[in-house]
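Student: Could you take me through one part of this model up close? I'd like the metal site, with its ligands and where they come from in the chain.

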Amino acid sequence: MNTPTGIGMIYNIALDPYFDLYPHTLDYIELTPDILIQDQGPGQPGRFLQVAKEWEMIRGLAQRWPLVAHHIGFSLGSADYFDKEYLDNVLQLHDEFGFHWHSDHLSYSKLIQGDDPEYNTCLALPVPYDKESLDMIAAKIRLIKEQVGTPFFIENNVYFAEIPDEELTEPEFLKNLCQEAGCGLLLDLHNVYVNSRNFNFDPFTFVDALDLGTVQEIHIAGGNEAGGMYLDSHSGAVPEEVWQMLDHVLPRCTQIRGITFEVDESYIPEIGFESVANQLNKARNIWNKHKTPQHVA
Amino acid sequence: MSLKSFQEALAEIISSPLIGQAYYKDPASLEQKYSLTEKERNRLLGMIQQKSMKANYMLYQMNRLTPLTMLMNYTLKIIHPQLMPLLHEFWKAYPRTSFQFKDEIGFFSDFLKKKIAAGQLDMPFLEDVLNIDDALNDIRFDKDETSYVNDDFFTLHPLARVVHLTYDATALVEAMVTYDAAQPAPDVPVAPGYYVLYYSGRLRCYPVDAATAEALLERRAVEDIPEELVDDEILI
Ligand SMILES: [Fe+2]
Ligand SMILES: [Fe+2]
């Protein structure tokens, strides 16, 4: 299959019937393999188990759509940490599914302290936008890219605390990281929107400061308010302001391959498949408005 | 080493507002526990003061609670009146969790069992319900499905487990469907003994005598084959 360009969605179990109901709304499917894998822990024989029966479903989907991989387990931001076994498992999955690209997040979620086995921070935490983290993450991405042999994208993070006194701004950090690591930016517009609401900045000024030429994929999603904060809960409909941001950045994202809608499985029964299709169609309209001949696969 | 230490400290801080506050009041304790540069120390102390940190605390708690609500349904219904204090105590006793739900529910089950054994937790049906949740999770996470396999003619179905309960298993499971800790405890017959639980989306319970249960648990041949278990293809 050709490299997908167009509109995609992140797979979750609750979407299973969707693919037969609205197949024309999708050009590719983004898979987070971690959600369908049981990790027995570092050093365990047969560590990564494909226990979920959904793998059969995934194999079926792989016959119908190009797949791309969106990982959550490299924990690229963790200092003094690289999980070679995790990479080996990604390579094995890559052999089977031929993902057109891979991505992970600009954050950390796994740590090793003392003699304890690897533990989970329970949420993705921010890394300081300093040269030290930049070099560390860039080296990991180069290694992954070299092994996997496909493009790799890094996703901008949501954060709920600002790290004081950083050497670089977030746009500077992202630009330098893409350059140093030779990777693309997965620009999550909803993440920018969430941060802009919680930390009171203009999201349009923020995206204008990015090097949009590095953007190869865009995430869109919905969120909700809780306890006076706005959360990236992936709860359904994309906020109007995020649609406007998409329309605003897309003409300058000359390397873009896809726009991916993210919705959490727990919200699917509530919002329904039709509303999912509506979001994807809305994204397609904006895509069609701005796409150039190079974007047609 | 320093950035790693900063990350460990931040991970600890977001797990509870009390931890951050304690470090803020006594920065020396933060420096003692973690090897931080001056800049990293100041960063953490600055972050602790930010209003937005409450979203970190909230998300940490929500994410840590998720596996329990998904996989320890009966137990959570029973402990509901004391849920938050118990959770805070659990998180304090087990400050680190793994990436796998299976580990987290194992930690929580151990935590509750220790409290029950120490006489610190006495709630109706709790011990039985915890045994049932453990058995169900053991079935859910059984990767090679060989828990009871022996070389003899009859083997227990991979989706079945043997447990020892105080109350009648079927009546208890039925009572749990509508159980509400705020209402008077339902009438469930006391029937101490062994039960075989079979779970494939729906749970079925079979009382078995001690000799049969022990044979199954020790993977020995069952002398007196219980017909019902054979008919229902639980002994295969
Ligand atoms: Fe993501
Ligand atoms: Fe995203």
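**The iron site**

Tutor: Sure, and keep in mind that this is a predicted model. Let's begin with the residue in the middle: A:Glu155 is buried, as is A:His219. A:Glu155 coordinates both the iron ion (ligand 1) and the iron ion (ligand 2), which sit 3.2 Å apart.

Take the iron ion (ligand 1) now. Its protein donors are A:His70 and A:His105, each through NE2, plus A:Glu155 through OE, at 2.1 to 2.3 Å. Along the sequence, those donor residues follow the spacing H-x34-H-x49-E. A:His70 belongs to strand 5 (residues 67-70) and A:Glu155 to strand 9, both of chain A, so this pair ties together parts that are 85 residues apart in sequence. A:His70 is buried too.

Over to the iron ion (ligand 2). Here A:Glu155 (OE) is joined by A:Asp188 (OD), A:His219 (ND1) and A:Glu262 (OE), with distances of 2.1 to 2.3 Å. The angles among the 4 donor atoms run from 82 to 168 degrees, and the site comes out as irregular. Waters aren't among the atoms, so a site like this may look incomplete. The sequence spacing for the donor residues of the iron ion (ligand 2) is E-x32-D-x30-H-x42-E. With A:Glu155 in strand 9 (residues 152-155) and A:His219 in strand 11 (residues 215-221) of chain A, the pair ties together parts that are 64 residues apart in sequence.

Definitions and conventions: Residues numbered from 1 in each chain as written. Chains lettered and ligands numbered in written order. Predicted model: local features only at pLDDT ≥ 70, side-chain atom pairs only at ≥ 80, totals over all residues. Heavy atoms only, no water. Donors = N, O, S within 2.8 Å, 3.2 Å for Na, K, Ca; no water. Tetrahedral: all angles 85-135°; square planar, octahedral: opposite > 155°, others 65-115°. Helix = DSSP H or I, 4+ residues; strand = E, 2+ residues; numbered from the N terminus. Buried < 20%, exposed > 50% of the residue type's maximum accessible area, 1.4 Å probe, protein only.
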